[in-house]
Amino acid sequence: STARNAASLLRSGLLTGDRRHLEAAAKAIHFLDQFPRPDGLRVWDVSEKAPDLLAAAHLVAAYLDQYLVSGTPARLERAVYWAWAGLPFVYLWHAHNRDIMRYATVPFFAVTRTDKKPRFGVAAQWNGLIYAKQLFRLSRYDRSMQWHRIGRAITLCATQLQKTGRNGKQALVGFYPDAYNVVDGRDYYPLCLNPQLITRNVLHLLGEDIEPSCEVFPWREKRARIATVAHMHAIRSSPTQLMVRLGYHAGETCYVTLAECDEPKEVRQGEKTLEAVDKLADARCAWHYDRPRGLTIVRLQFAEPEEVLEFRF
């Protein structure tokens, strides 16, 4: 649970510039440094010593975001360590008589307290989907393994588990089992999940992320951060200027946040100067500087599929 909380705090700090969240997360990361394996997450159901895939996913997220904040290579190395620690939970092979097995993900290696049964051979693919998301992110910074390919395969395995509506189960079309018996080739029990985790990963594979990404760049001896759901095709910075080439859907609106930079003197979208406002909700294209957090927030409406956003300091 410490890894999950640290990952949540770091993500919040990266996107909002809240230094309290980043400082609290740094303490949590320091505490996590002492642990050699991913465990201690689902203590209500299994032993606290049970290795857990979901814990590995949270640890990858936490250490990767800590690397983005600090730039310390050791933090990236630790994120890679936890990504490797998640691989034993993933079936990297399949038996010839099992239609769904390769890249199915076992949630933990333990016997549950509820039904006293082990989860070996029982896939809980929603755990793998969360892990896959972090592999997608890690693949941008590490090439020691084909992380993106593994995340893609885990996601495709989940789509194989989705219900098709046969056998009179039209109400469950698109849903997938909470747990699937790889050996028997059937649902472990009747509970099914909605496909939101599948959708998120599939949209990423199609180049349409629904969650903001964060880029770090040097600015006046700082590690400044810019975050948005738009595609950041190029970033160019100097002590007095930052230019970002963004790609998004023409006619649609999105937000851009800029942290660890001073308040801009001017913000421009192409040749147009944007208005500085107190409330962005009342404006179509404008920007606001949140002084307590040192965060610049820009609301953009894309006239073209690509726009250039410029900050002048």
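**Entry 1: a hairpin**

I began at the turn of a hairpin in this predicted model. Strands E6 and E7 have 2 residues between them, and in this hairpin Arg220 takes a positive phi near 50°. Next I looked up how the two strands are joined. E6 covers residues 213-219 and E7 covers residues 222-228; they run antiparallel, with 7 bridges between them. I picked one bridge to find by eye: Phe217 has Ala224 in E7 as its partner. A reminder to myself for viewing strands: side chains in a regular strand alternate between the two faces of the sheet.

**Entry 2: an open sheet**

Which order do the strands of the open sheet of 3 strands take? I read it as E1-E3-E4, and the pairing is antiparallel. The edges are strand E1 (122-123) and strand E4 (186-187), each of which pairs on one side only. I then followed E3, residues 180-181, across to E4: 2 bridges join these antiparallel strands. On that side of E3, I found Asn181 opposite Arg186 in E4.

**Entry 3: two helices that meet**

How do the axes of H5 and H6 cross? Helix H5 spans residues 125-138 and helix H6 spans residues 147-160; their axes come within 8 Å and cross at roughly 155°. An angle over 145 degrees counts as roughly antiparallel, so H5 and H6 are roughly antiparallel to each other. I also noted the hand of the crossing of H5 and H6, which is left-handed.

Then I listed who makes the contact. From H5 I noted several residues, including Leu129, Tyr131, Leu135 and Phe136. From H6 my picks include Trp147, Ile150, Ile154 and Cys157. I sorted the residues of this contact by kind: 11 are nonpolar, 5 polar and 1 charged. Arg152 of H6 is among the residues in the contact, and arginine counts as charged.

**Entry 4: a leucine in a loop**

My last stop was Leu87, in the loop between helix H4 (73-86) and E1. Is Leu87 buried or exposed? Its relative accessible area is 11%, and buried means under 20%, so Leu87 is buried.

Which residues does Leu87 touch, leaving out those up to four places away in sequence? I found Tyr131, Met145, Trp147 and Ile150. That took me back to the helix pair: Tyr131 of H5 and Trp147 and Ile150 of H6 also take part in the contact between those helices.

I also checked a distance, C-alpha to C-alpha. Leu87 and Gln66 are 21 residues apart in sequence and 22 Å apart in space.

Definitions and conventions
Residues are numbered from 1 along each chain as its sequence is written. This is a predicted model: local features need pLDDT of at least 70, side-chain atom pairs count only at pLDDT 80 or more; totals for chains, interfaces and linings use all residues. Side-chain values use heavy atoms; hydrogens and water are left out. Two strands pair if DSSP finds at least two bridges between them. Helices (H or I, at least four residues) and strands (E, at least two) are DSSP runs, numbered from the N terminus. Axes are lines fitted to C-alpha atoms, for helices over the stretch in contact, and angles run from 0 to 180 degrees between N-to-C directions. Angles under 35 degrees count as roughly parallel, over 145 as roughly antiparallel, 65 to 115 as roughly perpendicular and the rest as oblique. A crossing is left-handed if the near helix is turned anticlockwise from the far one by less than a right angle, and right-handed if clockwise. Contact means heavy atoms within 4.5 Å. Buried means under 20% relative accessible area, exposed over 50%, partly exposed in between (1.4 Å probe, protein chains only).
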